[in-house]
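Q: Could you take me through one part of this model up close? I would like to look at a single charged contact and then at what surrounds it.

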Amino acid sequence: MTFDAAGAQSDWIRPRGTQWRLKAWRVVKGSPLGTAALGFIVILALIALFAPVIAPFDPLVFHRVDRLQGPNGTYVLGTDQSGRDQFSRLIYGARVSLYVGIVPVAISLTFGTAIGAVSGLAGGVIDAVIQRLSDALMAIPALVVALTVVTFAEADDQQCCARNSHCD
């Protein structure tokens, strides 16, 4: 703790190392559910990172003898119809889930920051055009976009099946 010339405590001279701890403690104290969620995500990330060490079996190896086993001492969550360990597949699947979640956010963050910087620094007409495009994109509900993508994907799949005679 530091004091100024008059003997009063001075907050602006406080060492920087303690400020982030105080702010973090306020966040943790104010949002225990958010803290629990962050803890869960950290644990999931650690499990995904150390999947080769944690997983008891290779998730792609077939154990034909042990097909459709229930949970037991060897296979924690049992095996599937090909004899693959479900627990190992679940752990390795966490890697894919985190990748699918983190990569799009990183891409959006990169492009959003770049577009925001251009909009903010350029100003004037360029800023107005970027803002109107942003407003137009935000006005379209995500569900409508998802339905449009699914519709076009199904149409493409039907055209593929019409050309090729081996449809499921």
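A: Let's start with Asp135, which is partly exposed because its relative accessibility is 40%, a value between the 20% and 50% cut-offs. Please keep in mind that this is a predicted model. The partner of Asp135 is Arg132: the two form a salt bridge, with 3.1 Å between the closest N and O atoms. Arg132 has a relative accessibility of 51%, and it counts as exposed because the cut-off for that class is over 50%. Both residues belong to helix 5, and they sit three residues apart, about one turn of the helix.

Helix 5 is also a good place to look for the largest pocket. Six residues of the lining come from helix 5, the largest share. The lining as a whole consists of Ile115, Gly116, Ser119, Ile130, Gln131, Leu133, Ser134, Leu137 and Met138. Two elements give two or more residues each to this lining, namely helix 4 (86-122) and helix 5 (124-139). The space in the largest pocket comes to about 160 Å³. As for the character of the lining, five residues are nonpolar, four are polar and none is charged. Gly116 is grouped with the polar residues here, because Gly is among those that count as polar.

Back to the charged contacts: the structure holds two salt bridges. Besides the pair in helix 5, Asp80 and Arg84 meet through their side chains, at 2.8 Å from N to O. Asp80 and Arg84 are both buried, whereas Arg132 is exposed and Asp135 is partly exposed. That contrast in surroundings may be handy as you compare the two pairs on screen.

For a nonpolar counterpart on the surface, turn to helix 2 (32-49) and helix 3 (51-54), each of which supplies at least two residues of a nonpolar patch. The patch is made up of Leu38, Val42, Leu46, Leu49, Phe50, Val53 and Ile54, and together these residues have about 670 Å² of accessible area. Helix 2 contributes the most, with four residues. Val42 is a residue of helix 2, and with a relative accessibility of 43% it counts as partly exposed. Val42 can belong to the patch because patches take residues with over 30% relative accessible area.

Key: Residues numbered from 1 in each chain as written. Predicted model: local features only at pLDDT ≥ 70, side-chain atom pairs only at ≥ 80, totals over all residues. Heavy atoms only, no water. 1 Å grid on protein atoms, 1.4 Å probe; cavity = no way out; pocket = protein on both sides within 12 Å on 5 of 7 lines; lining within 4 Å. Points joined across faces, edges and corners; volume = space filled by probe spheres on them. Salt bridge = Lys/Arg side-chain N within 4 Å of Asp/Glu carboxyl O. Buried < 20%, exposed > 50% of the residue type's maximum accessible area, 1.4 Å probe, protein only. Patch = residues over 30% accessible without salt bridge, like charges linked within 9 Å, V, L, I, M, F, W, Y side chains within 5 Å. Areas by Shrake-Rupley, 256 points an atom, 1.4 Å probe, with all protein chains shown as cover.
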